[in-house]
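Reader: Could you take a close look at one part of this model for me, starting from a single helix residue and working outwards to the spaces and the core around the fold? Plain talk is fine.

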Amino acid sequence: MTQLTVRRLLIDLEAPVPRHWCGGDAFLTAWFNALSMSFPVGEQFFLDSVRRGFKALPPEQQARWDAEVKGFVGQEATHRRIHALFNAHLERQGLVNGWEGRITARLAPLEQADPRHALAITAANEHFTALFADWLLARPQVLAGAEPRLQTLWLWHSAEESEHKCTAFDLYQALGGSHAWRVTWMRRVALLFMLDVLRQTAANLRRDGTLWRWSTWRSGLRHLLGRDGLLRVSFAPWKAYFRPDFHPAQHHNELSERWLQDHADVLAPVGTASVAPAT
């Protein structure tokens with residue numbers, strides 16, 4: 001058995017956040033800010049999707065899933081709350097969140113759809129966040145100069161995303177979700193996610209007045225497409241999602257476990273859920 005622990009992050013987000021909080025790097029700051037802007041509404045959708053999927057299970061199967069679903073919901077609800085606090089600082093800096101409205105409009109029709117569609121979307125997004133977590137946890141230099149509170153925030157979020165990356169996928173499978181729909185939604189999610197995150201990052205940089213600086217573009221190219229860049233490093237494990245025999249547990253990240261253990265002093269466990277290993 002493994003466990004999903006709901007943790008309270010012991011950092012103070014009341015104090016103002018520096019404009020270029022990520023080591024003075026305008027691109028990285030704008031990129032992380034853009035991702036955070038999507039999280040409150042996105043995390044709410046993920047936990048709602050898992051709850052709906054759980055309710056769609058036959059009653060005799062729900063007992064096996066009860067603890068895992070509670071752990072997943074607890075972690076995602078905590079992520080949503082923390083990023084809402086962080087996003088309030090961004091709003092005070094004059095940044096405008098255009099991504100959230102687009103997400104809300106796209107997801108509205110799914111409220112009456114088969115819950116497996118929402119779970120497939122959630123599983124695709126969870127795969128993205130797990131790949132991002134793997135990349136970030138393996139490259140501490142990306143956040144080396146970041147404001148300490150925010151460095152902790154992003155590494156904690158990444159570690160927990162890696163920890164619960166199987167839940168939506170396994171629940172989709174338990175409900176008889178097909179491989180065809182799983183990969184169809186991944187294609188759609190991948191396209192929309194990349195367009196949206198780049199669009200919001202550009203909007204953040206434009207309002208910051210740093211969009212057309214060479215240093216901004218150099219950082220973006222290096223961190224996304226360079227030899228050790230996020231997109232370049234993540235392409236092969238992202239593509240693995242399309243295999244019929246794919247499972248998120250095939251990409252085990254010991255770095256997340258180590259980070260959570262090494263930083264227990266900034267984490268306050270508030271609940272634990274036992275999770276049966278995937279078979």
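Author: Let's start with Ile-103, which sits in helix H3, residues 99–107. Keep in mind that this is a predicted model. Is Ile-103 buried or exposed? Its relative accessible area is 13%, and the cut-off for buried is under 20%, so Ile-103 counts as buried. Setting aside neighbours within four places in sequence, Ile-103 is in contact with Ser-38 and Val-41. Trp-21 is another matter: 82 residues separate it from Ile-103 along the chain, and the two C-alpha atoms are 26 Å apart.

H3 also turns up in the lining of the largest pocket, so to speak, and that pocket deserves a look. The largest pocket has a volume of about 860 Å³. Its lining takes two or more residues from each of H1, H3, H4, helix H5 (148–163), H7 and H9. There are 37 lining residues, and those nearest the centre of the pocket are Asn-125, Phe-128, Val-189, Phe-193 and Met-194. Sorted by class, the lining of this pocket has 25 nonpolar, seven polar and five charged residues.

H9 is on that list, and its two faces are worth picking apart. Helix H9 spans residues 230–239, and Leu-230, Ser-234, Pro-237 and Trp-238 are buried there. Why do they end up on the same side of H9? Because they cover an arc of only 100 degrees around the axis. Turn to the face pointing away from that buried side and you meet the exposed residues Arg-232, Ala-236 and Lys-239. As for what covers the buried residues of H9, the cover includes helix H1 (26–56), helix H4 (115–137), helix H7 (179–208) and helix H8 (214–225).

Now for the closed spaces. The structure holds two cavities of 30 Å³ or more. The largest cavity has about 80 Å³ of space, and H1 and H7 are the elements that give two or more residues to its lining. H1 supplies the largest share of that lining, with four residues. Among the residues lining the largest cavity are Arg-19, His-20, Ala-26, Asn-33, Gln-93, Asn-204 and Asp-208. By class, the lining of the largest cavity comes to four nonpolar, six polar and two charged residues.

The second largest cavity has about 50 Å³ of space. Glu-126, His-127, Ala-130, Leu-131, Asp-134, Lys-165, Pro-248 and His-251 line it, which by class gives three nonpolar, two polar and three charged residues.

That leaves the core. In soluble globular proteins, nonpolar side chains tend to be buried together. Here the largest nonpolar core has 82 residues, and the members that touch the most others are Trp-21, Phe-32, Phe-132, Leu-136, Leu-143 and Trp-154. The largest share of this core, 16 residues, comes from H1. Trp-154 is a good place to finish. Not counting residues up to four places away in sequence, Trp-154 touches Trp-21, Phe-32, Phe-132, Leu-136 and Leu-143, along with Leu-35, Ser-36, Phe-39 and His-83.

Methods. Residues numbered from 1 in each chain as written. Predicted model: local features only at pLDDT ≥ 70, side-chain atom pairs only at ≥ 80, totals over all residues. Heavy atoms only, no water. Buried < 20%, exposed > 50% of the residue type's maximum accessible area, 1.4 Å probe, protein only. Contact = heavy atoms within 4.5 Å. Arc of directions from axis to C-beta. 1 Å grid on protein atoms, 1.4 Å probe; cavity = no way out; pocket = protein on both sides within 12 Å on 5 of 7 lines; lining within 4 Å. Points joined across faces, edges and corners; volume = space filled by probe spheres on them. Nonpolar A, V, L, I, M, F, W, Y, C, P; charged D, E, K, R; others polar. Core = buried A, V, L, I, M, F, W, Y, C linked by side-chain atoms within 4.5 Å.
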